[in-house]
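Reader: I would like a close look at a single part of this model, namely the sheet together with the aromatic rings that belong to its strands. Please take me through it step by step.

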Amino acid sequence: MKISLFTSALLALLTLISCESKPSLQKYFVENTDNKNFIALDVSPSILNLDKAKLSAAQTEALNSFDKMNILAFKANATNALEFDTERAKVKAILKDPKYQELMKFGSGKEGASISYVGTDENIEEFVVFVNKKENGFAVVRVLGKDMNPNNIMTLMSVLKQSKIDMEQLKPLQQFIK
């Protein structure tokens, strides 16, 4: 009986410890999906409208490593300046977590961009692009995939030049930016 009680208590403790309560981009996206100052979009690889028969083996591999893209954008205006500063600070704090390895950063305090990734050099799970401009707002783009690597990302960038992007999937974002 004592062993069973001890085992149950230990299992409950491990469950509580394993529940991570620190902020993450995924949680941030979910929390702000319904906020009127944000627009959230999930974009699938089909947005590229590519003729897969014309792709090289490397291009096909790069495309297959890409699962989806999540976009969360905050539209700044005269009435939400304080919320803009608060939300931008939250995103910056999340991106300071060591799991987000920064590749590059440019700009100043009022505007700029950063590119980070989650995973290892040879197995990238997520690329994160964060851009912000005090007058316009900010956007966080999560590129999610399986077994992505820097070569796949560079190849995917070259494939983008050949694509006929389906603007219909981006319509909510276009209307939000106006």
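Author: What follows describes the sheet first and then its aromatic pairs, in a model that is predicted.

Six strands make up an open sheet with antiparallel pairing, and their order is β1-β2-β6-β5-β4-β3. The edges are held by β1 (38-43) and β3 (101-107), each of which has a single partner strand, so one side of each remains without a neighbour in the sheet. From one strand to the next the twist averages 10°. Within this arrangement, strand β2 (residues 66-75) is joined to strand β6 (residues 137-148) by nine bridges, and F66 stands opposite G145 in β6. Helix α4 (residues 81-95) packs on the sheet, where it touches β1, β2, β4 (111-120), β5 (123-133) and β6, and its direction makes about 155° with that of β5. Helix α5 (residues 150-162), in turn, lies across β2, β5 and β6 and runs at about 120° to β6.

Turning to the rings, the structure holds eight aromatic pairs. One of them is formed by F74 and F138, whose ring centres are 5.5 Å apart and whose planes stand at 5°, so this pair is stacked. F74 belongs to strand β2 and F138 to strand β6, 64 residues apart in the chain, and both F74 and F138 are buried. The rings of Y117 and F127, by contrast, have centres 6.3 Å apart and planes at 45°, so that pair is tilted. Y117 lies in strand β4 and F127 in strand β5, 10 residues apart; Y117 counts as buried at 6% relative accessibility, as does F127 at 9%. Finally, ring pairs link F74 and F138 with Y28, F38, F84 and F130 into a cluster.

Notes:
Residues numbered from 1 in each chain as written. Predicted model: local features only at pLDDT ≥ 70, side-chain atom pairs only at ≥ 80, totals over all residues. Heavy atoms only, no water. Pairing = 2+ DSSP bridges. Helix = DSSP H or I, 4+ residues; strand = E, 2+ residues; numbered from the N terminus. Axes fitted to C-alpha atoms, helices over the stretch in contact; angles between N-to-C directions. Contact = heavy atoms within 4.5 Å. Phe/Tyr/Trp six-rings, centres within 6.5 Å; stacked < 30°, edge-to-face > 60°. Buried < 20%, exposed > 50% of the residue type's maximum accessible area, 1.4 Å probe, protein only.
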